[in-house]
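Work through the following exercises with the coordinates open, and try each task before reading the solution beneath it.

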Amino acid sequence: MKLCIDKALSADVLSKYEEKVKKATLMLENGSGKGNDFLGWLHLPSSISDEELNAIQTVADRLKKSCDVVVVAGIGGSYLGAKAVISALSNSFVNKAENAPEILFAGNNISEDYLAELMDYLSDKKFGIINISKSGTTTETALAFRLLKTQLETQMGKEEAKQRIVAITDATKGALRKLSTQEGYDTFVIPDNVGGRFSVLTAVGLLPIATAGYDICQLVKGAVDMEKSCSDEVATKENPVSVYAIVRNELYAQGKKIEILVNYHPKLHYLSEWWKQLYGESEGKDGKGIFPASVDFTTDLHSMGQWIQDGERTIFETVISIASPNKKVVIPVDEENLDGLNFLAGKRVDEVNKMAELGTQLAHVDGGVPNLRIEIPTLDAYNIGQLIYFFEKACGVSGYILDVNPFDQPGVEAYKKNMFALLEKPGYEAETAAIKSRI
Ligand code: PA5
C-alpha cells in the first residue's frame with residue numbers, strides 16, 4: 001500500500017505535527033489515552049493464533065457444506081466489516097464464490113418489506129444464520145434474528161436449526177450469550193476490549209468472510225504486515241498512519257470539514273461504508289470531527305461531481321486506487337465508429353478508468369479540493385487486510401490528535417431512547433410521557 005499526499009501538504013506540515021502524532025501514537029501503545037479499555041484491536045492481527053483461525057474456518061466449512069444461503073444478522077460494527085470485505089472480493093454479478101453459500105445480510109434495518117422479501121427468498125432454501133451482537137439486545141438485529149430463527153426452526157426442525165445457527169457475542173454477558181448456552185449454538189466471542197467498529201479482524205468479520213469462501217489467513221497477513229509498517233518505531237514521514245492522521249487533522253484545521261473517500265471500482269462501495277462508521281463514530285463528538293462521506297467514481301462524477309468541483313470549499317478527498325484490476329477487457333475497433341471511440345480501440349478499460357482518475361484528481365486539486373491517494377497493487381484479501389488495519393490505526397491516532405475519545409459512541413443512544421419511549425417499552429414510562437407531550 002502506498003500513500004501519496006498533495007504536494008502542498010509536505011514537509012512543513014509533517015514537522016508541525018511531529019510531537020502531536022508521536023504523543024497520540026504513544027497514548028495508543030501504552031494505553032494512557034481516553035477510551036483505553038477499548039484497545040484490544042491494536043495488536044489483534046499479530047496476536048490472532050492459528051488455533052483461533054482454524055476454529056473459525058472449521059465452523060465456516062460446516063456452514064459452507066450444509067447451507068445454500070447464510071444470513072449474517074448484525075448492524076454497524078457487527079456487519080459492515082464483513083460486508084465490505086465480501087463485496088470487495090465477490091464477483092459483481094454472481095452473488096457467491098465457488099463452493100460457498102450465498103451470503104445475505106439482515107438485522108441492519110427495520111424495514112418490513114426487506115424482512116418479508118428476505119423470508120420469502122429463504123422459504124425454499126437450506127439456510128443458516130450467523131447472529132452477531134455484542135450486547136445481544138440491539139433492536140434491529142434481535143428483531144431479524146427472532147424472525148429468522150422461527151423460520152429456520154419451522155423449515156428444518158428445532159434440532160437441525162441449532163446446527164445452522166452460530167452466535168458471535170460477549171463471552172459471558174447478554175441475551176444472546178444466554179440463548180446460545182440454552183440452545184447449544186456454536187459461539188465465538190467479541191472481546192470486551194474491542195468495539196464493534198474495530199472488530200472486523202475478530203470472528204465478527206472473519207467468520208462471515210470465511211463462510212463466503214474468502215481467505216481469512218491472507219486478510220490477517222495483510223493486517224499483520226501493515227501493523228509492522230506503521231508501528232511506533234517507524235519514522236513519522238515513512239509511517240502511512242502518521243502521515244494520514246496528520247494531513248487530515250491539518251486539513252480540518254484549515255476548514256476542510258468533510259473528507260470524501262473515493263473509489264473507482266464499485267466493489268469498494270461497502271469499504272467506504274465501513275470507513276464512514278469507523279471515522280464518524282470515532283471522531284464525531286464534543287462538537288468536533290471531520291464528516292466522513294463517500295462517492296463511487298466515475299458514477300458519482302455525474303451526480304456529485306459538480307458539487308465537488310465547484311461547491312463550498314470545505315472538502316478534501318482520499319482516493320483509493322487499485323493499480324491492476326483482476327480481469328482484462330480490451331476495447332474493440334468498430335468499423336463505423338459512430339460513437340467516436342476508435343481512438344480507444346486496443347486499450348484496456350482500466351486505462352480509461354485510470355485517465356479518468358488522474359484527470360479528476362488534477363481537476364479537483366485545481367478546484368481547491370486537496371487530494372490524498374492510497375494505492376493498493378490489486379484487490380485481494382491481503383491488500384484489504386492492509387487497508388483495514390491502516391484505517392483502524394490511523395483512526396485511533398487521528399482521534400487522539402483531535403483530542404476526543406475515539407472509542408466511545410455516546411451519541412448513538414439518543415435515537416434508541418426516543419424509539420423505546422415511543423414504543424412504550426417497559427421501564428421507559430417517564431420518557432414515554434415526556435416524548436408524547438412533544439408530539
Ligand atoms: O461500533 C459499534 O459499537 C456499533 O456499531 C455496534 O457494533 C452496533 O451498534 C451493534 O451493536 P451490538 O453488537 O451490541 O448489537
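**Exercise 1.** Determine which residues S231 touches, not counting residues up to four places away in sequence, and decide whether S231 is buried or exposed.

*Solution.* Begin with the contacts, where contact means heavy atoms within 4.5 Å: outside the four places on either side in sequence, S231 touches N239 and K393. Next, place the residue in the fold: S231 is found in the loop between α10 (216–229) and α11 (240–253), helices being DSSP runs (H or I, at least four residues) numbered from the N terminus. Finally, S231 has a relative accessible area of 18% and is therefore buried, since buried means under 20%, exposed over 50%, and partly exposed in between (1.4 Å probe, protein chains only).

The model is predicted, so that local features need pLDDT of at least 70 and side-chain atom pairs count only at pLDDT 80 or more, whereas totals for chains, interfaces and linings use all residues. Residues are numbered from 1 along each chain as its sequence is written, and side-chain values use heavy atoms, with hydrogens and water left out.

**Exercise 2.** Describe how the protein chain is divided into domains, and state how many residues of domain 1 are in contact with domain 2.

*Solution.* The bounds, which come from an automatic or database domain assignment, give domain 1 (2–20 + 226–408) and domain 2 (44–214). Taken over C-alpha atoms, the centres of domain 1 and domain 2 are separated by 30 Å. Across the boundary, 23 residues of domain 1 are in contact with 20 residues of domain 2.

**Exercise 3.** Identify which residues touch the most other members of the largest nonpolar core, and list what L219 contacts.

*Solution.* A nonpolar core is a set of buried Ala, Val, Leu, Ile, Met, Phe, Trp, Tyr and Cys residues joined through side-chain atoms within 4.5 Å. The largest such core has 95 residues, of which W41, I168, L207, I209, L219, W274 and F391 touch the most other members. Helix α15 (residues 381–402) supplies the largest share of this core, 13 residues, and at least three residues are drawn from each of domain 1 and domain 2. Leaving aside neighbours within four places in sequence, L219 is in contact with V85, L201, L206, I209, A381, Y382, I384, G385 and I388.

**Exercise 4.** Find the polar contacts (pairs of N or O atoms within 3.5 Å) that the ligand makes with G77, K134 and T138.

*Solution.* An oxygen atom of the ligand lies 2.9 Å from a polar backbone atom of G77, and an oxygen atom is 2.8 Å from a polar backbone atom of K134. For T138, an N or O atom in the side chain is 2.5 Å from a ligand oxygen atom.

Terms used
Helix = DSSP H or I, 4+ residues; strand = E, 2+ residues; numbered from the N terminus. Polar contact = N/O pair within 3.5 Å; in protein donor to acceptor, adjacent residues only side chain to side chain.
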